[in-house]
Structures are given as structure tokens and as C-alpha cells.
Amino acid sequence: MTRIINEAIASALEATNSSLATSTELIETMVEHGMEEGFDNNATIFNDLTEYIFDRTDVRAIFLTLYTIVFCSCFFGNLMVMLVVCLHWRMRSITNFCLANLA
């Protein structure tokens, strides 16, 4: 299939006598060679062979672990800020209440 596409591209380039063929000329050449459905078939073949990195189980496990660590760190850090501001009397200022509200 790839050989046929390469031949169609080469013949389209020869037909235009230039280094670049327009897309319409390329399509016309492919239709002449009986490849009207070649675009969809190639896209399907390419999509079947493409493996996305986020589909791998080990990559998902690594990301799940990292996101869990970040979430827990942020949650407990914000909890500590709120506890210190609420429980320690010297930390009860307007600025610190605003910071605790953001946490």
C-alpha cells in the first residue's frame, strides 16, 4: 500500500514539473490509480498501529502515584496552615485569617 502511495506522489510530482504538487493534483493522481478510499484505509492502519503513552499501564501507575503524592502534600499542608492559624493565639491576625481562608 505504501509503495502505491509513493508511486502516486512521484507521478504527481512529475506531472507538475515542480518540487511540490498541489493537493488537488495529488488527489487526482491517486483517483487515477484507483485509490479513492486509500486515505481512510491508511488513517485506519495508522491509528491501529499508534500507541499512546498514556494507554500504557506502567505510565498510568506512575502518574497515579505522583498525583496522589502531590494531592496529599497539598491537602495536609493547607490543613496545617488552617490549624496553626486557628489554634495559636499569636497567629490570629487579619492577614493570617486571609491566608487560612485561601488554604
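**Exercise A: charged side chains**

Start from D55, which counts as partly exposed at 49% relative accessibility, and find which residue it meets in a salt bridge.

*Solution.* The model is predicted, and for this reason local features need pLDDT of at least 70 and side-chain atom pairs count only at pLDDT 80 or more, whereas totals for chains, interfaces and linings use all residues. Residues are numbered from 1 along each chain as its sequence is written, and side-chain values use heavy atoms, with hydrogens and water left out.

Step one is to fix the terms: buried means under 20% relative accessible area, exposed means over 50%, and partly exposed lies in between, with a 1.4 Å probe and protein chains only. A salt bridge is a side-chain nitrogen of Lys or Arg within 4 Å of a carboxyl oxygen of Asp or Glu.

Step two is to recall that side chains of opposite charge can pair when their charged atoms come close.

Step three is to apply the rule: the side chain of D55 meets that of R60, with 3.8 Å from N to O. R60 is exposed, with a relative accessible area of 51%.

Step four is to look for other pairs, and the count by this rule comes to two salt bridges. D58 forms a salt bridge with R56, whose closest N and O atoms are 2.8 Å apart from those of D58. D58 is partly exposed at 39% relative accessible area, and R56 is likewise partly exposed at 34%.

**Exercise B: the cysteines**

Work out how many disulfides the model contains, and explain the result for C72.

*Solution.* Step one is the rule, which takes a disulfide to be a pair of cysteine sulfur atoms within 2.5 Å. Step two is the count, which by this rule comes to zero disulfides. Step three looks at C72, which is in no disulfide, since its nearest cysteine sulfur, that of C74, is 9.4 Å away. Seen from the other side, C74 is in no disulfide either, and its nearest cysteine sulfur is that of C72, 9.4 Å away. Step four adds the surroundings: C72 is partly exposed with a relative accessible area of 30%, and C74 is partly exposed at 44%.

**Exercise C: helices and records**

Describe the secondary structure of the protein, and then compare the stretches that UniProt annotates with the modelled chain.

*Solution.* Step one is to define the elements: helices (H or I, at least four residues) and strands (E, at least two) are DSSP runs, numbered from the N terminus. Step two is to count, which gives five helices and zero strands, and the pattern read along the sequence is α-α-α-α-α.

Step three turns to the record, whose positions are given in the numbering used here, with shortened feature names and with annotations that may be inferred rather than shown by experiment. UniProt places the feature "transmembrane region" (unreviewed entry) at residues 61-87. Over these residues the chain is 100% helix and 0% strand, and the end C-alpha atoms are 38 Å apart. The UniProt annotation "domain: G-protein coupled receptors family 1 profile", also from an unreviewed entry, covers residues 77-103. In that stretch the chain is 74% helix and 0% strand, while the end C-alpha atoms are 8 Å apart.

**Exercise D: helix α4 and its neighbours**

Find where V59 and L79 lie, and decide for V59 whether it is buried or exposed.

*Solution.* Step one places V59 in helix α4, which covers residues 57-87, and L79 is found in helix α4 as well. Step two uses the cut-offs given above: V59 counts as buried at 12% relative accessibility, while L79 is partly exposed at 32%. Step three asks what V59 touches, where contact means heavy atoms within 4.5 Å; leaving aside residues up to four places away in sequence, V59 touches I53 and F54.

Step four follows the chain onward to helix α5 (residues 94-102), where L99 is found. L99 and M82 are 17 residues apart in sequence, and their C-alpha atoms are 8.4 Å apart in space. In a similar way, L79 and A100 are 21 residues apart along the chain, with 8.9 Å between their C-alpha atoms.

Step five widens the view to the whole protein, in which buried residues make up 11% of the 103 residues.
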